[in-house]
Amino acid sequence: MASTNGRAFNEEERQNKINRSTRQASSDKNPCMTEQQMSYKCLDDNGYDREKCSMCFQNYRNCREFWSRIMTDRKRKGILPVLPAVEDREKVRAEYSHILGW
């Protein structure tokens, strides 16, 4: 059993935690799944030192903010579904990137 930041954990518990969070968020429901997985991998690769993963975390936050704005706008306009289907996201991303200035 290893210890990080005063907390004991083992590999099985860590993997179970990752699997639970991944099951809860599929790419159908989470447009930032890639960024989320990159953050988990960074934590895993760096012994859960959050400071070393700050860029991954910021990238994930930026992604969530971007898609949150899109969903708010689509909801306001009555466009359903508010979260575009996976196959439509690239087109929607291009449209809104220009509008939102991202």
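A residue counts as buried under 20% relative accessible area, as exposed over 50%, and as partly exposed in between. By that cut-off, Tyr48, at 22% relative accessibility, is partly exposed in this predicted model. Tyr48 is found in the loop between H2 and H3, and its backbone deserves a second look: phi is positive, about 60°, although Tyr48 is not a glycine. Most residues other than glycine have a negative phi, and most peptide bonds are trans. Gly47, just after H2, also takes a positive phi of about 60°.

The helix that leads into this stretch is a good place to continue. H2 covers residues 33-45; its 13 residues reach 18 Å from the first C-alpha to the last, close to the 18 Å expected at 1.5 Å a residue. Buried residues in H2 are Met33, Glu35, Gln36, Ser39, Cys42 and Leu43. One of these, Cys42, also belongs to a separate core of five residues that includes Cys53, Cys56 and Phe57. Near the end of the helix, the side chains of Asp45 and Lys41 meet in a salt bridge, with 2.7 Å from N to O. Asp45 and Lys41 are four residues apart in H2, and therefore separated by about one helical turn. An α-helix has 3.6 residues a turn, so residues three or four places apart point the same way.

Helix H3 (54-77) repeats this pattern of pairing. Of the five salt bridges in the structure, one joins Glu65 to Arg69, the closest N and O atoms being 3.2 Å apart. Both residues lie in H3, four residues apart, about one turn of the helix. Their accessibilities are 36% for Glu65 and 38% for Arg69, and each is partly exposed. Further along, Lys77 forms a salt bridge with Asp73, where the closest N and O atoms are 3.1 Å apart. Lys77 and Asp73 are again four residues apart in H3, so about one helical turn separates them. Here the two partners sit in contrasting surroundings: Lys77 is exposed at 55% relative accessibility, whereas Asp73 is buried at 17%. Asp73 and Lys77 are also linked with Arg76 in a network of salt bridges.

Ser68 has its place in H3 as well and is partly exposed, at 36% relative accessibility. Ser68 and Pro31 are 37 residues apart in sequence, yet 9.9 Å apart in space from C-alpha to C-alpha. The neighbouring Trp67 touches Pro31 itself, and its contacts beyond four places in sequence also take in Cys32, Leu83, Pro84, Arg89, Val92 and Arg93.

Several of these residues meet again in the largest nonpolar core, which is made up of eight residues: Cys32, Cys63, Phe66, Trp67, Ile70, Leu83, Val92 and Tyr96. The elements giving two or more residues to this core are H3 and H4, and H3 gives the most, with four. In soluble globular proteins, nonpolar side chains tend to be buried together.

Between these two helices, the loop holds another backbone feature. Pro81 has its place in the loop between H3 and H4, and the peptide bond from Leu80 to Pro81 is cis, with omega near -5°.

Helix H4 (residues 89-100) then follows, with 12 residues reaching 15 Å from the first C-alpha to the last, close to the 16 Å expected at 1.5 Å a residue. Which residues of H4 are buried? They are Arg89, Val92 and Tyr96, and because they cover an arc of only 65° around the axis, they lie on the same side of H4. On the other side of H4, Glu90, Lys91 and His98 are exposed. What covers the buried residues of H4 includes helix H3, and the contacts of Trp67 with Arg89 and Val92 fit into that picture. Val92 and Tyr96 are also members of the largest nonpolar core. Just after H4, Gly101 takes a positive phi of about 75°.

How values were computed:
Residues numbered from 1 in each chain as written. Predicted model: local features only at pLDDT ≥ 70, side-chain atom pairs only at ≥ 80, totals over all residues. Heavy atoms only, no water. Expected span 1.5 Å × (residues − 1). Buried < 20%, exposed > 50% of the residue type's maximum accessible area, 1.4 Å probe, protein only. Arc of directions from axis to C-beta. Contact = heavy atoms within 4.5 Å. Core = buried A, V, L, I, M, F, W, Y, C linked by side-chain atoms within 4.5 Å. Salt bridge = Lys/Arg side-chain N within 4 Å of Asp/Glu carboxyl O.
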